[in-house]
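These are my notebook entries from a session with one structure, kept in the order in which I looked things up.

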Amino acid sequence: MAYSESGYKASKKYKDSKIKRIPLDVQMSQYEAIKKYADEHGKSVNGFIKETIFAKIKENA
């Protein structure tokens, strides 16, 4: 199903006000290792990275 124009605008407005992108550059071999680990544990790369970061924050809080 395609976005309607109003749906696109609402999505963009939400992302602009609620989402902050964090660029992360890794070597291809590092990405492949991350992807393999995430796949083996039923996670997306994005989900795995966020889970790992927040676990580290909680550990050090």
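Which residues make the nonpolar surface patch of about 390 Å²? I find that Leu24, Val26, Met28 and Tyr31 make it. I note at once that this is a predicted model, and I read every value below as computed from it.

**Entry: the patch and its surroundings**

I took two members of the patch, Val26 and Tyr31, and placed them in the chain. Val26 sits in the loop between H1 and H2, whereas Tyr31 belongs to helix H2. For Val26 I noted a relative accessibility of 36%, which makes the residue partly exposed, and for Tyr31 a relative accessible area of 35%, so that Tyr31 is partly exposed as well.

I then asked what Tyr31 touches once its neighbours within four places in sequence are left aside. The contacts are with Val26 and Val45, and so the search led me from the loop residue Val26 to a residue of helix H3, Val45. As a check on separation I also looked up Lys20, which is 11 residues from Tyr31 along the chain, and found the two C-alpha atoms 21 Å apart.

**Entry: Val45**

Is Val45 buried or exposed? Its relative accessible area is 17%, and since the cut-off for buried is under 20%, I record Val45 as buried. Helix H3, in which Val45 lies, covers residues 45-59.

Leaving aside neighbours within four places in sequence, I listed the contacts of Val45 as Tyr31, Ile34, Lys35 and Ala38. Tyr31 appears here as a partner of Val45, just as Val45 appeared among the contacts of Tyr31. Lys35, another of these partners, is partly exposed at 32% relative accessible area. For Lys13, which lies 32 residues from Val45 along the chain, I found a C-alpha separation of 25 Å.

**Entry: the helices**

I counted 3 helices and 0 strands in the protein chain, and reading along the sequence I wrote the pattern down as α-α-α.

Helix H1 runs over residues 5-18, and its 14 residues at 1.5 Å a residue should span 20 Å; the end C-alpha atoms are 20 Å apart, so expectation and model agree. How many of the 14 residues of H1 are buried? The number is 1, and I therefore describe H1 as lying largely in the open.

Helix H2, residues 28-40, has 13 residues and reaches 18 Å from its first C-alpha to its last, close to the 18 Å expected at 1.5 Å a residue. After H2 I noted Gly42, whose phi is positive, near 65°.

**Entry: salt bridges**

Side chains of opposite charge can pair when their charged atoms come close, so I searched for such pairs. The search of the whole structure gave 5 salt bridges, and I followed up some of them.

In helix H1, Asp16 and Lys12 are 4 residues apart, about one turn of the helix, and they form a salt bridge with the closest N and O atoms 2.9 Å apart. Asp16 is exposed at 55% relative accessibility, while Lys12, at 43%, counts as partly exposed.

In helix H2, Lys35 and Asp39 are likewise 4 residues apart, about one turn of the helix, and their side chains meet in a salt bridge at 3.1 Å, N to O. Asp39 is partly exposed, with a relative accessible area of 44%. Lys35 thus has a salt-bridge partner in Asp39 and a contact with Val45.

Also in helix H2, Lys36 and Glu40 are separated by about one helical turn, being 4 residues apart. Their salt bridge has its closest N and O atoms 4.0 Å apart, and I recorded Lys36 as exposed and Glu40 as exposed too.

**Entry: the chain as a whole**

Last, I looked up the overall dimensions. The C-alpha atoms fill a box of roughly 40 × 30 × 20 Å along the principal axes. The radius of gyration is 16 Å, against a value near 10 Å for a compact globule of 61 residues. Of the 61 residues, 7% count as buried, and Val45 is one that I have already entered as buried. The chain exposes about 6,000 Å², of which carbon and sulfur atoms supply 58%.

How values were computed:
Residues numbered from 1 in each chain as written. Predicted model: local features only at pLDDT ≥ 70, side-chain atom pairs only at ≥ 80, totals over all residues. Heavy atoms only, no water. Helix = DSSP H or I, 4+ residues; strand = E, 2+ residues; numbered from the N terminus. Expected span 1.5 Å × (residues − 1). Buried < 20%, exposed > 50% of the residue type's maximum accessible area, 1.4 Å probe, protein only. Contact = heavy atoms within 4.5 Å. Patch = residues over 30% accessible without salt bridge, like charges linked within 9 Å, V, L, I, M, F, W, Y side chains within 5 Å. Areas by Shrake-Rupley, 256 points an atom, 1.4 Å probe, with all protein chains shown as cover. Rg over C-alpha atoms; globule rule 2.2 N^0.38 Å.
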